[in-house]
Amino acid sequence: AGECDIAIANTYYLAGMLASSKPEDVEAAKKVRVFWPNQDGRGTHVNISGAGIARSSKNKDNAIKLLEFLASDAAQKVYAEQVQEYPVKSGVDASSVVQSLGTFKADDVRLADLAKYNAEGVRIADRAGWR
């Protein structure tokens, strides 16, 4: 029906709507208020993205070049400005749209800890019937 009291979404969806060339997207996004959870505790969840090169890769040199490019200032600027994501490289600013969402305390849980509990989390979700 186009109505709700609360929604959980990644910031790039909201920022993408705010940066949209479609007036209806911008107007809908302007009706949303951002809330950063857990600011007095562990901080807000942050998605983790990663890349690597398979040991069996037949084109390691080009794979390395791709990873180096993705980590470059130029690529991170595109990632920030076009995709409306927070850049992973320090020294590259988030877009003005993303910056307008405000600042937040990020959860700094270690990746190793997430991996440690991943299998248990999958089992819990499976038992609960979550799909």
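Visitor: Let's start with Asn38: at 32% relative accessibility, what does it count as?
Guide: Buried means under 20% relative accessible area, exposed means over 50%, and partly exposed is in between (1.4 Å probe, protein chains only). With its 32%, Asn38 therefore counts as partly exposed.

Visitor: Before we go on, what kind of model is this?
Guide: Residues are numbered from 1 along each chain as its sequence is written, and side-chain values use heavy atoms, with hydrogens and water left out. Local features need pLDDT (the predictor's confidence in each residue, from 0 to 100) of at least 70, side-chain atom pairs count only at pLDDT 80 or more, and totals for chains, interfaces and linings use all residues; this is a predicted model.

Visitor: Fair enough. Which element of the protein chain has the highest confidence?
Guide: The chain has a mean pLDDT of 93, and 99% of its residues reach 70 or more. Helices here are DSSP runs of H or I with at least four residues, strands are E runs of at least two, and both are numbered from the N terminus. Confidence is lowest in H6, at a mean of 92, while the highest value, 97, belongs to H5.

Visitor: What is the radius of gyration of the protein chain?
Guide: We've got 6 helices and 0 strands. The globule rule (2.2 Å times the number of residues to the power 0.38, with the radius taken over C-alpha atoms) gives 14 Å for 131 residues. The chain is well over that, so it is more spread out than a compact globule, with a radius of gyration of 18 Å.

Visitor: Back to backbone oddities: which buried residue has a positive phi without being a glycine?
Guide: Asn38, in the loop between H2 and H3, has a positive phi of about 60°, but we've just called Asn38 partly exposed. The other candidate sits in the loop between H4 and H5, with a phi near 65°. At 6% relative accessibility, the buried one is Gln84.

Visitor: What kind of aromatic pair do Tyr86 and Phe104 form?
Guide: A pair of aromatic rings is described by the distance of the centres and the angle of the planes. Rings of Phe, Tyr and Trp (its six-membered ring) pair if their centres lie within 6.5 Å, and planes under 30 degrees apart count as stacked, over 60 as edge-to-face and the rest as tilted. Tyr12 and Tyr13, 4.5 Å centre to centre with 45° between the planes, are tilted. For Tyr86 and Phe104 the centres are 5.8 Å apart and the planes at 75°, so this pair is edge-to-face.

Visitor: And how far apart in sequence are the parts tied together by that pair?
Guide: Tyr86 lies in the loop between H4 and H5 (96–99), and Phe104 in the loop between H5 and H6 (111–127). The pair therefore ties together parts whose separation in sequence is 18 residues.

Visitor: Which helix supplies the largest share of the lining of the largest pocket?
Guide: A pocket is an open set of points on a 1 Å grid over the protein atoms alone, where a 1.4 Å probe fits, with protein on both sides within 12 Å along at least five of seven lines; lining residues have an atom within 4 Å of a point. The lining here has 48 residues, with Tyr12 and Trp36 among those nearest the centre. H1, H2, H3 and H4 each supply at least two, but the largest share, 5 residues, comes from H1.
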